[in-house]
Amino acid sequence: MGQDYVVPLRQVTCVFDMDTATASKWTQKLVRRLQEEGRIIELYEDLPRAAVLCVGELGEYLYLTELSSRALQRRVEKRFAI
């Protein structure tokens, strides 16, 4: 996901493109709630390009990354030869 962060693929619930997803009221509410709960991990220096929602044993976490959703998809495809 960037900056040496790796999460198990089975924990990934969805990947959002930040350019389009932040227009949705549902996405805004989700981001606001996770921010209030301290469950957002920022993996970017300038602006986040994608958000990855993960659900694991410790609950929901949202990773904000400078990688694009397409770049994340290519990494998964390369790793699993999809």
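**Stop 1: the largest pocket**

Welcome! Start by selecting α3, which gives the lining of the largest pocket its largest share, seven residues. Bear in mind as you look around that this is a predicted model. The space in this pocket comes to about 420 Å³. To find the middle of the pocket, pick out Met1, Val7, Leu72, Arg75 and Val76, the closest to its centre among the 17 lining residues. Two elements, β1 and α3 (69-80), each give two or more residues to the lining.

While α3 is still selected, check its length. At 1.5 Å a residue, its twelve residues should span 16 Å, and the end C-alpha atoms lie 17 Å apart, which agrees. Just past the helix comes Ala81, where phi is positive, near 50°.

**Stop 2: the segment before β1**

Next, go to Gln3, in the segment before β1. Gln3 is not a glycine, yet its phi is positive, about 50°. The relative accessible area of Gln3 is 42%, so this residue is partly exposed.

Now click on Asp4, which also lies in the segment before β1. Here too phi is positive in a residue other than glycine, near 65°. Is Asp4 buried or exposed? With 81% relative accessibility, Asp4 counts as exposed.

**Stop 3: helix α2**

Select residues 25-36 to bring up helix α2. Its twelve residues should span 16 Å at 1.5 Å a residue, and the end C-alpha atoms are 16 Å apart, in agreement. Which residues of α2 are buried? They are Thr27, Leu30 and Leu34. Turn your view to look down the axis of α2: the buried residues fall within an arc of 60°, so they line one face of the helix. On the other side of α2 you will find Lys25, Lys29, Gln35 and Glu36, which are exposed.

To see what covers the buried residues of α2, show β1 (12-17), α1 (18-21), β2 (40-43), β3 (50-56) and β4 (59-65), which are included in that cover. Then zoom in on Thr27, in helix α2. Its relative accessible area is 7%, and since buried means under 20%, Thr27 is buried. Leaving aside neighbours within four places in sequence, Thr27 is in contact with Phe16 and Ala21.

Have a look at both ends of α2 before moving on. Ser24 caps the N-terminal end, with a side-chain oxygen 3.2 Å from the backbone nitrogen of Trp26. Following α2 is Gly38, with a positive phi near 70°.

**Stop 4: Arg49 and Thr65**

Jump to Arg49, in the loop between β2 and β3. Its relative accessibility is 48%, so Arg49 counts as partly exposed. Add Glu66 to the selection: Arg49 and Glu66 are 17 residues apart in sequence, and their C-alpha atoms are 4.9 Å apart in space. Setting aside neighbours within four places in sequence, Arg49 is in contact with Phe16, Asp17, Met18, Thr65, Glu66, Leu67 and Ser68.

Follow one of those contacts to Thr65, a residue of strand β4. At a relative accessible area of 0%, Thr65 is buried. What is Thr65 in contact with, leaving aside its neighbours within four places in sequence? The list is Met1, Leu43, Tyr44, Pro48, Arg49, Ala50 and Leu72. Two of those names, Met1 and Leu72, take you back to the pocket where you began, as they are among the residues closest to its centre.

Notes:
Residues numbered from 1 in each chain as written. Predicted model: local features only at pLDDT ≥ 70, side-chain atom pairs only at ≥ 80, totals over all residues. Heavy atoms only, no water. Helix = DSSP H or I, 4+ residues; strand = E, 2+ residues; numbered from the N terminus. Expected span 1.5 Å × (residues − 1). Buried < 20%, exposed > 50% of the residue type's maximum accessible area, 1.4 Å probe, protein only. Arc of directions from axis to C-beta. Contact = heavy atoms within 4.5 Å. Polar contact = N/O pair within 3.5 Å; in protein donor to acceptor, adjacent residues only side chain to side chain. 1 Å grid on protein atoms, 1.4 Å probe; cavity = no way out; pocket = protein on both sides within 12 Å on 5 of 7 lines; lining within 4 Å. Points joined across faces, edges and corners; volume = space filled by probe spheres on them.
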